[in-house]
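Me: I would like to go through this model and ask what stands behind the labels put on it. Please set each value against its cut-off.

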Amino acid sequence: MPKTRTLGRTGWQVTEIGYGAWGLGGNQWRGHSENDAIAALRRALDLGLNFIDSALAYNEGHSEQLIARTLRETGASAYVATKIPPKNRLWPARPGIGIQDVFPYDYCIASTEASLRNLGVETIDLQQFHVWNPEWVECDDWRRAIEDLKQAGKVRCFGISINDHQPASALTAIDTGLIDTVQVIYNIFDQSPEKELFPLCLQRNIGVLGRVPLDEGALTGTITPATRFDPAEFRASYFRGDRKREVFEKVNSLSAALRSAGCVDPLPVTALRFCLSNPAVSTVIPGMRQVRNVEENLAVSLSGPLPAHILSVLKQHAWDKNYYS
Ligand SMILES: NC(=O)c1ccc[n+]([C@@H]2O[C@H](COP(=O)([O-])OP(=O)(O)OC[C@H]3O[C@@H](n4cnc5c(N)ncnc54)[C@H](OP(=O)(O)O)[C@@H]3O)[C@@H](O)[C@H]2O)c1
């Protein structure tokens, strides 16, 4: 049974390892069958995992539907987070594009209704904005949508899934007091949330979902210059051109440094322990479409934080890049 942490001011006790459900039935991920991914989710629930992150945009609601079906069939209970996709379908949010094009009030309500139907529930545990632009902080639409959806009992808590590699862009939204959680890229390569976002989340008791803890697979140590992705998979673009060689070299240097420091764990285990070593993190949500990954990752929760000398080695391996662009 993985350990739990409190998800900020929601007060929920969530497992330190959650389930990232982008690849569950997802058309942007290839290489494993839908049944493999469902089996992985079932195994995770069986082992006690109780937090799942999905989105209406993940294969147009199919990920949400598979989660609903799996929870129904297993009888397991879990907190489910989902997201309102940007109306203009642009990830990340672009400066200068107003909230009317991205999260107008009526659209936020309609999108939530669609997720309620897909999830087969009357109330969504955690609804999140799938992109964020701090220029919208004073706008009425998102504030009213939060208030009305909560009041109507359709959403329990609200969060922001922060734009890739822009952790500070959510600071002013947190200041409004309307946000219960943030979801942010946090891994050995992108340690930037430690600067301003995490201290503010601790101070304001905001729950933190650490996303992409394995840098889309870079931090699994399995990517080499010869790795080939299905051209239809999102990672064919993420790791395009010379990037696989770049990742391979960075990971080799990281692994050598860890070995010299006496760390013998597999790299994915160290990568997840790195995230959980920060007390601001409530849960990390790796994508897991294989039972063996679920078993390895959930066991990490029992290992506790990394020792200080390993954390100081990892500090040296932060890497400022943006492969999403
Ligand atoms: N904008 C947003 O809001 C946003 C963006 C991205 C992600 N997310 C959320 O964050 C979650 C996690 O991110 P992600 O899935 O994109 O990337 P990730 O968790 O960094 O990496 C997933 C990759 O790691 C592999 N993996 C997992 N555990 C492993 C292990 N123990 N050993 C070896 N390989 C392992 C998976 O293998 P398999 O391929 O075999 O499954 C998959 O290829 C998503 O599922 C989604 O819920 C949100």
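**Labels and their grounds**

Reply: In this predicted model, an N or O atom in the side chain of His-130 lies 3.3 Å from an oxygen atom of the ligand.

Me: What makes the pair of His-130 and the ligand a polar contact?

Reply: The cut-off for a pair of N or O atoms is 3.5 Å. The His-130 pair is 3.3 Å apart, within 3.5 Å, so it is a polar contact. Ala-21 offers a backbone N or O atom 3.4 Å from a ligand oxygen, and the side chain of Asn-297 has an N or O atom 2.7 Å from a ligand nitrogen. Of the 910 Å² of accessible area that the ligand has on its own, the protein covers 93%.

Me: Which residues and which helix stand out around the ligand?

Reply: The ligand is surrounded by 30 residues, and the closest are Asp-53, Ser-161, Glu-216, Arg-289 and Asn-297. Helix H10 (residues 291-300) gives the most to this shell, with three residues. By type, the shell has 11 nonpolar, 11 polar and eight charged residues.

Me: Why is the pair of Asp-53 and Lys-83 called a salt bridge?

Reply: The rule asks for a side-chain nitrogen of Lys or Arg within 4 Å of a carboxyl oxygen of Asp or Glu. For Asp-53 and Lys-83 the N to O distance is 2.8 Å, so the pair meets the rule. Asp-53 is in strand S4 (residues 51-53) and Lys-83 in strand S5 (residues 79-84), so the bridge ties together parts 30 residues apart in sequence.

Me: How do you know whether Asp-53 and Lys-83 are buried or exposed?

Reply: Buried means under 20% relative accessible area. Asp-53 has 3% and Lys-83 has 0%, so both are buried.

Me: What can be said of Glu-16 and Arg-5 on the same grounds?

Reply: Their closest N and O atoms are 2.9 Å apart, and they form a salt bridge. Glu-16 lies in the loop between strand S2 (13-15) and strand S3 (19-20), and Arg-5 in strand S1 (residues 4-6), so the pair joins parts that are 11 residues apart in sequence. Glu-16 is buried because its relative accessibility of 7% is under 20%. Arg-5, with 18%, is also under 20% and is therefore buried.

Me: Why do Lys-154 and Glu-113 count as partly exposed?

Reply: Partly exposed covers what lies between the 20% limit for buried and the 50% limit for exposed. Lys-154 has 26% and Glu-113 has 25%, so both are partly exposed. The two side chains meet in a salt bridge at 2.5 Å, N to O. Lys-154 is in the loop between helix H4 (140-151) and strand S7 (155-161), and Glu-113 is in helix H3 (residues 105-119), 41 residues apart.

Me: How many salt bridges are there, and which residues are linked in a network?

Reply: The count is 21 salt bridges. Arg-9, Lys-150 and Asp-180 are linked in a network.

Me: What makes the backbone at Arg-89, Asp-215 and Pro-92 worth a remark?

Reply: Most residues other than glycine have a negative phi, and most peptide bonds are trans. Arg-89 has a positive phi, near 55 degrees, and Asp-215 has one near 45 degrees. Arg-89 is partly exposed at 38%, whereas Asp-215 is buried at 2%. The bond joining Trp-91 and Pro-92 is cis, with omega about -15 degrees. Pro-92 is in the loop between S5 and H3, as is Arg-89.

Methods. Residues numbered from 1 in each chain as written. Predicted model: local features only at pLDDT ≥ 70, side-chain atom pairs only at ≥ 80, totals over all residues. Heavy atoms only, no water. Helix = DSSP H or I, 4+ residues; strand = E, 2+ residues; numbered from the N terminus. Buried < 20%, exposed > 50% of the residue type's maximum accessible area, 1.4 Å probe, protein only. Near = heavy atom within 4 Å. Polar contact = N/O pair within 3.5 Å; in protein donor to acceptor, adjacent residues only side chain to side chain. Areas by Shrake-Rupley, 256 points an atom, 1.4 Å probe, with all protein chains shown as cover. Nonpolar A, V, L, I, M, F, W, Y, C, P; charged D, E, K, R; others polar.
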